[in-house]
Number of protein chains: 2
Amino acid sequence: MNAPTSLGKRAATRELILDHAYALARREGLEGLSIGALAQDVGMSKSGVFAHFGSREELQLAVLQAGQQRFLEQVKFPALLLPRGLARLRAIVGAWIDWIRAYPSGCVLLAGASEYDGREGPLHDKVAQQQAGWRRELVRTIGHAVENGELRQEAEPARIAFEIHALMLGLHHDAALFGFDEAQGHVRTAFERLLSSYRPEGGQEGTP
Amino acid sequence: MNAPTSLGKRAATRELILDHAYALARREGLEGLSIGALAQDVGMSKSGVFAHFGSREELQLAVLQAGQQRFLEQVKFPALLLPRGLARLRAIVGAWIDWIRAYPSGCVLLAGASEYDGREGPLHDKVAQQQAGWRRELVRTIGHAVENGELRQEAEPARIAFEIHALMLGLHHDAALFGFDEAQGHVRTAFERLLSSYRPEGGQEGTP
């Protein structure tokens, strides 16, 4: 009768380890994630940690997955409540800026992209898949704005998505080194300038 | 009589170690730079390496300094041959794109900024100083373009410099994960769009 309880306890312990690993990886990067330091942090033995994550790589992959889940929960899912197109794009950009404000110097996903982009193996594949997936989401949302007539027909979603992503990289970079506020102002202005350069003549936001 | 020779030899050995350290740091990041791996790579003992760089931190700082020197030699100095203003800005951006093409997944300076932005200490101070210094160079060059009348008077150099830097971060990111060519196209188009949005009415490039 106690199998469900012990399974639940096991899952809770796994979550606890993962929370600590996520926090460590934010500070030290995924490559800086040491099972020894993590075990000490959680108050377990190293073999206790290995009982939940068979290898360091498995743990690193789980941290990337956890980061992705948190990012989508904070940045994507709330925007899905808004209509497709520009309203949703604005909501995504606003929430993304808030995400960077919360973790200016420690986004596990971006740090992972920078650590593993030039390597081979499961961690590289995971970050490439995450980054490509998120870019596709952006491209799709911008595509809806074009379909709605909120952006001009010749607007290229892939190009606009690249520029928005670049602005967010710039915000991360500047927020961590020089402070969030000035960079946030640059990003919001640039984003509006980017949209207005693709706004249809005489078009109004939300007008199909 | 052999003091100059042995000094020269000592300097050459230091250079050799630094070259290897730079290559290692490009692959593994500055935090991944291990004196043991470096010594093996150069074919020296660890104490031999320590005779040239008193500590790992001293070596990491020297690698950052070497990266800065190479970046300036490839990106800034050739542009100084061109007139101040837009011509020089274009030369900088072109050479910067070439720099990223050469090292898409391994810019020691950017990796360093990402590794140390949220920490304290000499490495943080070094990357913050490098990034602030380079931003000042960009702002100054954009300011010259405004003074020349090549960009409108209300153009804000700090904002434009932020956007150019963000585009380069986007190029780094995409080049390493998805390939250089498409991202390069996005960057060049965005850069031209950025300039033309600040071009004076009826103004021509190079016309004061």
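**Chain A, fold.** I counted the elements of chain A first and got 9 helices and 0 strands. Read from the N terminus, they run α-α-α-α-α-α-α-α-α. I note here that this is a predicted model. I then took the extent of the C-alpha trace of chain A, which spans about 65 × 45 × 30 Å along its principal axes. Chain A has 208 residues, and 51% of them count as buried. I also looked at contacts in chain A between residues at least 6 apart in sequence. Of these, 69% join residues at least 24 apart.

**The two copies.** I laid chain B on chain A. The RMSD is 0.0 Å, after a turn of 180° and a shift of 0.0 Å along the axis. The two copies are therefore related as by a two-fold rotation axis. Which residue of chain B comes closest to the rotation axis? I found Ala166(B), with its C-alpha at 2.6 Å. Next I compared the interface residues. 100% of those of chain B are also interface residues in chain A, so the copies meet through the same surface.

**Cavity.** I searched for cavities of 30 Å³ or more and the count came to 1. The volume of the largest cavity is about 100 Å³. Its lining draws on both chains: Glu163(A), Leu167(A), Ala190(A), Arg193(A) and Leu194(A) are among the lining residues, and so are Glu163(B), Ala166(B) and Leu167(B). Ala166(B) thus turns up again, having been noted at 2.6 Å from the rotation axis. Two or more lining residues come from each of H8 and helix H9 (180-197) of chain A, and from each of H8 and helix H9 (180-197) of chain B. By class I have 7 nonpolar, no polar and 4 charged residues in this lining.

**Largest pocket.** I turned to the pockets. The largest has a volume of about 1,200 Å³. I listed 47 lining residues for this pocket; Ala111(A), Ser114(A), Ala111(B), Ser114(B) and Glu115(B) lie nearest its centre. Which helices supply at least two residues of the lining? In chain A they are H1 (3-28), H6 (108-116) and H8 (157-178), and in chain B they are H1 (3-28), H6 (108-116) and H8 (157-178). The pocket lining divides into 17 nonpolar, 16 polar and 14 charged residues.

**Asp174(A).** I picked a residue in helix H8 of chain A, Asp174(A). Is Asp174(A) buried or exposed? Its relative accessible area is 5%, under the 20% cut-off, so Asp174(A) is buried. I set aside its neighbours within four places in sequence and listed its contacts: Gly179(A) and Ala183(A) in chain A, and Arg135(B) and Phe162(B) in chain B.

**Ile100(B).** I moved to helix H5 (residues 86-102) of chain B, where Ile100(B) lies. Ile100(B) is buried, with a relative accessible area of 0%. Sequence neighbours within four places aside, I found Ile100(B) in contact with Met168(B), Leu171(B), His172(B) and Phe180(B). I also checked Ile100(B) against Ala175(B). They are 75 residues apart in sequence, and their C-alpha atoms are 8.0 Å apart in space.

**Helix H4 of chain B.** Last, I checked a helix length. Helix H4 of chain B covers residues 56-76, which makes 21 residues. At 1.5 Å a residue, H4 should span 30 Å; I found its end C-alpha atoms 29 Å apart, which agrees. I then noted buried residues in H4(B), including Leu59(B), Ala62(B), Val63(B), Ala66(B), Gly67(B) and Phe71(B). Gln60(B) and Lys76(B) are also among the buried residues of H4(B). An α-helix has 3.6 residues a turn, so residues three or four places apart point the same way.

How values were computed: Residues numbered from 1 in each chain as written. Chains lettered and ligands numbered in written order. Predicted model: local features only at pLDDT ≥ 70, side-chain atom pairs only at ≥ 80, totals over all residues. Heavy atoms only, no water. 1 Å grid on protein atoms, 1.4 Å probe; cavity = no way out; pocket = protein on both sides within 12 Å on 5 of 7 lines; lining within 4 Å. Points joined across faces, edges and corners; volume = space filled by probe spheres on them. Helix = DSSP H or I, 4+ residues; strand = E, 2+ residues; numbered from the N terminus. Nonpolar A, V, L, I, M, F, W, Y, C, P; charged D, E, K, R; others polar. Least-squares fit on C-alpha atoms with pLDDT ≥ 70 in both. Contact = heavy atoms within 4.5 Å. Expected span 1.5 Å × (residues − 1). Buried < 20%, exposed > 50% of the residue type's maximum accessible area, 1.4 Å probe, protein only.
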